[in-house]
Structure formats: structure tokens, C-alpha cells
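User: I have a new model open and would love to walk through it with you, one question at a time. Could you start me off with whatever you find most telling?

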Amino acid sequence: MRNLLILSFLVAACAPSPAAGTPQISAPPPVATTTLNPAALNPDPLSTGTLNATDIAWAQLMIPMHEGLLQLLDQAPGRVTDPDLARLAAQVGTAHRAELPALRDILTRAGITSANPHEGHDMPGMVTKTDLTMITSITGPAFTRLFIAHLRGHLEQVTLISKAEGKSGTDPAAHTLAAAMVKSRTAQLATLNHLTSLN
């Protein structure tokens, strides 16, 4: 029960994506945390083997966050003109693609389908379909600014959520993956902050 109460994720902050309208260029929502109620996820994440509800909820959130960011990163070649930023985007993409199988394995071991309980949610660190549609139509410096804002928000949020997994999860494999993600995202964020400070 304690694990059900102490994990800080963003599920309570989820909201449906805004209705289509005139695109507005804006930064992603600020990083924020609220208490996760794992019982609100679908399917209900019950403890399975070494996995507890925290491990499962973490994987359920990380998968769509990774997938959304990868779609954004796929737009970088040819559109990100700064070679250092383009190189960082490629490194982040490689790391995220390498992590997805391990994240999906957590849900497989828990007997959970690949259904995304966060479909249509707009939350800090999540690159949504609306975000992708908007950024696809933007070019030049405006694209770069929005690209950086989404990338920074994602790296910050994944670091925060993965630290919470390390404190509240019980599965050794999930702990190892979360720790690696914290280390990787922290380094990537430091690189991003350095690059943007130069401009």
C-alpha cells in the first residue's frame, strides 16, 4: 500500500489534448509532479513476481513518453542546423530506442497488454500528436526553439520520474534501467543546457 501512495508521477495532471485550432507556438508545460494513483491506470497494475505497482506504472508512462519524443527527434535531421544539437538529438534517440524493449519487457512480465493508458493525455514531458502536428509546420529558429523546449522538458521529467521509480519500485531490472536512465538523461540535459547557453 505504501508504494501505491508515495510514487510521484504525472497521471493526475493528465488532460485531454486541446481541440484543434489556430496553432500557437509555446513551450511545453512546466515540469511538475502530482501523486500517482496506480489503481487509476488501465489495466489495474497488481504486483507480479518482483514487480510492484510502481514498477508497472513507471513502465506504462515511460513507453509513450519515449515513443512521442522519438517522433520529435525523427524531425531533427535536415531541420536542426546546429551540428552539436543535431548530434545530441541523435544520441538521445539511440538511447531511447535501446531502452524501449526493456520497458516493454516489464509489462510483458506483468501480463499487461501493450495498450497505452496515456493515449491522448497532455502532460509535462510528453510529446503529443498535437505537438507533433504543430512543430511539423514550423521552420527556422521557431522550430529550433520549440524542439529544444520539448527536449528539455522531456529530459527533466524522465529524470524526475525515474528517480521516483528507484525509491519506490521493487523490481531489480526496473531499478537498474531507471538508474541508467537517470544517469543518461542527466548528462544529456547538461549537454543541452551547455549548448543553449552558448547561443
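**A walk through the helices**

Analyst: Happy to! In this predicted model, 19 of the 21 residues of α2 are buried, so this helix is largely enclosed by the rest of the structure.

User: What span should the 21 residues of α2 have at 1.5 Å a residue, and how far apart are its end C-alpha atoms?

Analyst: At 1.5 Å a residue, α2 should span 30 Å. The distance between its end C-alpha atoms agrees with that expectation, at 30 Å.

User: Which residue caps the N-terminal end of α2?

Analyst: Look for a side-chain oxygen that lies 3.1 Å from the backbone nitrogen of Thr54. The residue that supplies this oxygen, and so the cap, is Asn52.

User: Let's step back. In what order do the elements of the protein run from the N terminus on?

Analyst: The protein has six helices and two strands. Of its 199 residues, 47% count as buried. From the N terminus on, the order of the elements is α-β-β-α-α-α-α-α.

User: Among contacts between residues at least 6 apart in sequence, what share joins residues at least 24 apart?

Analyst: A contact here means heavy atoms within 4.5 Å. Of the contacts between residues at least 6 apart in sequence, the share that joins residues at least 24 apart is 83%.

User: Which element gives the largest share of the largest nonpolar core?

Analyst: In soluble globular proteins, nonpolar side chains tend to be buried together. The largest nonpolar core here has 47 residues, and those with the most contacts inside it are Trp58, Met62, Leu73, Leu103, Phe147 and Leu151. Two or more residues come from each of α2, α3, α4, α5 and α6. The largest share, 11 residues, comes from α2.

User: Which residues is Phe147 in contact with, leaving aside its neighbours within four places in sequence?

Analyst: Phe147 is among the residues with the most contacts inside the largest core. Leaving aside neighbours within four places in sequence, its contacts are Leu72, Leu73, Ala76, Val80, Leu85, Ala89 and Ile135.

User: How far does α6 reach from its first C-alpha to its last?

Analyst: α6 has 26 residues, and the reach expected at 1.5 Å a residue is 38 Å. Its buried residues include Leu177, Met181, Arg185, Leu189 and Leu192, and what covers the buried residues of this helix includes α2, α3 and α5. From its first C-alpha to its last, α6 reaches 37 Å, close to the expected value.

User: Now the charges. How many salt bridges are there?

Analyst: Side chains of opposite charge can pair when their charged atoms come close. The cut-off used here is a Lys or Arg side-chain nitrogen within 4 Å of a carboxyl oxygen of Asp or Glu. By this rule, the count is six.

User: Which residue forms a salt bridge with Asp74?

Analyst: The closest N and O atoms of this pair are 2.7 Å apart. Asp74 lies in the loop between α2 and α3 and its partner in helix α3, so the pair ties together parts that are 23 residues apart in sequence. That partner is partly exposed, with a relative accessible area of 42%. The residue is Arg97.

User: Where do Arg87 and Asp84 lie?

Analyst: Their side chains meet in a salt bridge, 2.7 Å from N to O. Arg87 is partly exposed at 46% relative accessible area, and Asp84 counts as partly exposed at 35%. The two are three residues apart, about one turn, and both lie in helix α3.

User: Is Arg185, in its salt bridge with Glu99, buried or exposed?

Analyst: The closest N and O atoms of Glu99 and Arg185 are 2.8 Å apart. Glu99 lies in helix α3 and Arg185 in helix α6, so the pair ties together parts that are 86 residues apart in sequence. Glu99 is buried, with a relative accessible area of 9%. At a relative accessible area of 0%, Arg185 is buried.

User: Last one: which side chain makes a polar contact with the side chain of Asp171?

Analyst: Asp171 has its place in the loop between α5 and α6, and at 2% relative accessibility it counts as buried. Not counting residues up to four places away in sequence, Asp171 touches Thr50, Leu51, Asp55 and Arg109. The polar contact, at 2.3 Å, is with the side chain of Thr50.

Terms used
Residues are numbered from 1 along each chain as its sequence is written. This is a predicted model: local features need pLDDT of at least 70, side-chain atom pairs count only at pLDDT 80 or more; totals for chains, interfaces and linings use all residues. Side-chain values use heavy atoms; hydrogens and water are left out. Helices (H or I, at least four residues) and strands (E, at least two) are DSSP runs, numbered from the N terminus. Buried means under 20% relative accessible area, exposed over 50%, partly exposed in between (1.4 Å probe, protein chains only). A nonpolar core is a set of buried Ala, Val, Leu, Ile, Met, Phe, Trp, Tyr and Cys residues joined through side-chain atoms within 4.5 Å. The expected span of a helix is 1.5 Å times one less than its number of residues. A polar contact is a pair of N or O atoms within 3.5 Å; within protein, one must be able to donate a hydrogen and the other to accept it, and residues adjacent in sequence count only if both atoms are side-chain atoms.
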